[in-house]
Amino acid sequence: MDNIKIWMDGKIVNWDEANVHIMTHTLHYGLGVFEGIRCYKTDNGSAIFRLKEHIERLFNSAHIVGMKIPYSKEAITDAIKTSIKTNGLEACYIRPIVFLGHDKFGLNCKGISVHCAVAVWQWGAYLGEESLVKGIRVKVSSFTRHHINISMTKAKVCGNYVNSILAKVEAVDNGYEEAILLDVNGNVAEGSGENIFIVRGGAIKTPPITSVLEGITRDSVIKIAADYGIEVKEELFSRDELYIADEAFFSGTAAEITPIREVDNRIIGKGSIGETTKKLQDTFFDIVKGKNNKYKEWLTYI
């Protein structure tokens, strides 16, 4: 990645110059917010998927934790476009991050300077190209998703992801590809970095957003399903209901739409991508590649 240029506080800098001080507050305490966004190659050029919604969530996250982003939404949008163009990428993953500086220390972060950066790089299927076709093996984690009053679950906060890291590493160490976290009441919440859906009897269920992140791909799946006339229920479900689902899949910017073929050594459905999942996945990839004009407003061409 040494040749990648990064936008930092209004300037494009080289990879090895994109540095922060060792006393940077966010490094020590985890208070920062970020986004994950994808840009896809289409027949009409490069297009960023649901950029407006991602920028909105970034600013909402900052507002929730009391951070004031020192740039407008338009400026961050331009920084993302500039970063992609500068690096000459047709398709990429985009990481805007907002973090606190090193001009003050201690838990009281009031008055600390706020900084912004945007990095872009080429990143294929998060869970592997085969996972999109064959599905993945998943483990229910021993770690629980944050309680709604323990952390701000609607904000994409850097420090929140320690919980996700612990769950992910545990799953991988035990021979699985991903983890599922339960909420404090034992209901299914989400993956380590993805929202989760199940299909039973032709209808789709996904946990309500009470204690999970408001996934933008999640929202896209719900809208696509509704357009197909597929019922989507936003309601809690248990681990054993997940076991007996006809289909299950993750959604997320990195994971896109990834089928789940097995949970805790129990085969889900037929043990491969299901019919409903395949329909949603095919439509999703047609949309992001600019092949479905019905959802053209979800694409920002650069």
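Leu 27 is exposed, with a relative accessible area of 55%. I should say at once that this is a predicted model. Leu 27 sits in helix α1, residues 25-29. It also contributes to a nonpolar surface patch of about 630 Å². The other members of that patch are Ile 22, Met 23, Tyr 29, Phe 105 and Leu 107.

Next, the charged pairs. Side chains of opposite charge can pair when their charged atoms come close. In this model there are 18 salt bridges. I will go through three of them and then one network.

Start with Glu 262 and Arg 137, where the closest N and O atoms are 3.0 Å apart. This pair links distant parts of the chain. Glu 262 belongs to strand β15, residues 256-263, and Arg 137 to strand β8, residues 136-144, with 125 residues separating the two. Are these two side chains buried or exposed? Glu 262 counts as buried, at 11% relative accessibility. Arg 137 counts as buried as well, at 19%. The cut-off for buried is under 20% relative accessible area, so Arg 137, at 19%, falls within it.

Strand β8 takes part in another bridge, through Lys 139. The partner of Lys 139 is Glu 170, at 3.9 Å from N to O. A salt bridge here requires the nitrogen to be within 4 Å of the carboxyl oxygen, so the pair at 3.9 Å is counted. Glu 170 is in helix α5, residues 161-173, so this bridge ties a strand to a helix across 31 residues of sequence. Lys 139 is buried, with a relative accessible area of 17%. Glu 170 is also buried, at 17%.

The third pair is Lys 278 with Asp 282, at 2.8 Å from N to O. Both residues lie in helix α8, residues 275-288, and they are 4 residues apart, about one turn of the helix. Lys 278 is partly exposed at 35% relative accessible area, and Asp 282 is partly exposed at 35% too. As for the network, salt bridges with shared partners join Arg 50, Glu 53, Asp 219 and Lys 223.

On to the cysteines. How many disulfides does the model have? The count comes to 0. Cys 39 is in no disulfide, and the nearest cysteine sulfur to it belongs to Cys 92, 4.6 Å away. Why is there no bond from Cys 92? Its closest cysteine sulfur is the one in Cys 39, and 4.6 Å is too far for a bond; the limit is 2.5 Å. Both side chains are under cover: Cys 39 counts as buried at 3% relative accessibility, and Cys 92 is buried at 2%.

Last, strand β14, residues 247-252. Of its 6 residues, 6 are buried. Glu 247, Phe 249 and Ser 251 point one way from the strand, while Ala 248, Phe 250 and Gly 252 point the other way. Which strands does β14 pair with? One is β11, residues 195-200, which runs antiparallel to β14 and is joined to it by 5 bridges. Within that pairing, Ile 198 has Ala 248 as its bridge partner. The other is β15, also antiparallel, with 4 bridges to β14. There, Phe 249 stands opposite Pro 259. β14 and β15 form a hairpin, with 3 residues between them. That brings us back to β15, the strand that holds Glu 262.

How values were computed
Residues numbered from 1 in each chain as written. Predicted model: local features only at pLDDT ≥ 70, side-chain atom pairs only at ≥ 80, totals over all residues. Heavy atoms only, no water. Patch = residues over 30% accessible without salt bridge, like charges linked within 9 Å, V, L, I, M, F, W, Y side chains within 5 Å. Areas by Shrake-Rupley, 256 points an atom, 1.4 Å probe, with all protein chains shown as cover. Salt bridge = Lys/Arg side-chain N within 4 Å of Asp/Glu carboxyl O. Buried < 20%, exposed > 50% of the residue type's maximum accessible area, 1.4 Å probe, protein only. Pairing = 2+ DSSP bridges.
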